[in-house]
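Me: I'd like to learn how to read a model like this one. Could you walk me through it, feature by feature?

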Amino acid sequence: MMLPLPTTIRAALDAERDRGRQAVAALDRRLGGQHTPRRPQWDCDTCEQAWPCDPARVRLAEAYGRDRIGLAMYCGALYPVANAELSGSTAGELWERFVGWTR
Ligand SMILES: [Zn+2]
């Protein structure tokens with residue numbers, strides 16, 4: 001499905017927020033209801049580690065299989081949500097935590 005390209009910064013931010021909302025809504029299904037993040041602190045509800053914990057990374061990677069780009073795009077959609085909710089980490093640190101591991 002082709003989405004219309006946003007033509008303003010506001011439209012781009014709205015689109016980013018929608019992608020983030022959809023990515024968060026899909027977390028339970030993607031992870032099978034375990035190792036999901038507690039928000040807004042983004043720690044794991046199962047093992048208490050900073051999310052995505054290792055089991056969550058394994059499950060997400062398995063869900064996407066060879067589609068590493070899809071995995072990176074999905075985690076990239078979660079990133080702005082986490083960045084808006086988490087304080088105490090730099091944007092670069094959060095990018096590594098949420099997206100960098102998918103490489
Ligand atoms: Zn966990």
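Reply: Sure. Start with the elements: helices (H or I, at least four residues) and strands (E, at least two) are DSSP runs, numbered from the N terminus. In this chain the order from the N terminus is α-α-β-β-α-α-α, giving five helices and two strands. It is a predicted model, where local features need pLDDT of at least 70 and side-chain atom pairs count only at pLDDT 80 or more, while totals for chains, interfaces and linings use all residues. Residues are numbered from 1 along each chain as its sequence is written.

Me: What is the mean pLDDT of the chain?

Reply: pLDDT is the predictor's confidence in each residue, from 0 to 100. Here the chain mean is 94, and 98% of the residues reach 70 or more. Confidence is lowest in α1, with a mean of 93, and highest in strand β2 (residues 43-44), at 98.

Me: How do I judge the overall shape?

Reply: Try the radius of gyration, taken over C-alpha atoms, against the globule rule, 2.2 Å times the number of residues to the power 0.38. The chain comes out at 14 Å, close to the 13 Å that the rule gives for 103 residues, so it is as compact as a globular protein of that length. Along the principal axes, the C-alpha atoms fill a box of roughly 40 × 35 × 25 Å.

Me: Which residues of α4 are buried?

Reply: The cut-offs come first: buried takes 20 or more other C-beta atoms within 10 Å of the residue's own, exposed 12 or fewer, and partly exposed lies in between, with C-beta atoms placed from the backbone. In α4 the buried ones are L71, Y74, C75, A77, L78, V81 and A82. An α-helix has 3.6 residues a turn, so residues three or four places apart point the same way. The buried residues of α4 pack against α1 (9-25), α3 (54-64) and α5 (91-98). Contact here means C-beta atoms, placed from the backbone, within 7 Å. Leaving aside neighbours within four places in sequence, L78 is in contact with G20, A23, V24 and F98.

Me: And how do I check the length of that helix?

Reply: The expected span is 1.5 Å times one less than the number of residues. For the 18 residues of α4 (residues 68-85) that should be 26 Å, and the end C-alpha atoms are 26 Å apart, which agrees.

Me: Which element gives the largest share of the largest nonpolar core?

Reply: In soluble globular proteins, nonpolar side chains tend to be buried together. A nonpolar core is a set of buried Ala, Val, Leu, Ile, Met, Phe, Trp, Tyr and Cys residues joined through C-beta atoms within 7 Å. The largest one has 14 residues, and A56, L71, Y74, C75, L78, A82 and F98 touch the most other members. Two or more residues come from each of α3 and α4, with α4 giving the largest share, seven residues.

Me: What about unusual backbone geometry?

Reply: Most residues other than glycine have a negative phi, and most peptide bonds are trans. The bond from R39 to P40 is cis, with omega near 5°; P40 is in the loop between β1 (37-38) and β2. Another cis bond joins W51 and P52, with omega about 5°, and P52 lies in the loop between β2 and α3.

Me: Are H35 and E48, with their positive phi, buried or exposed?

Reply: H35, with phi of about 55°, is buried, having 22 other C-beta atoms within 10 Å. E48, with phi near 70°, counts as exposed, with 10 C-beta neighbours inside 10 Å.

Technical notes: Contact = placed C-beta atoms within 7 Å.
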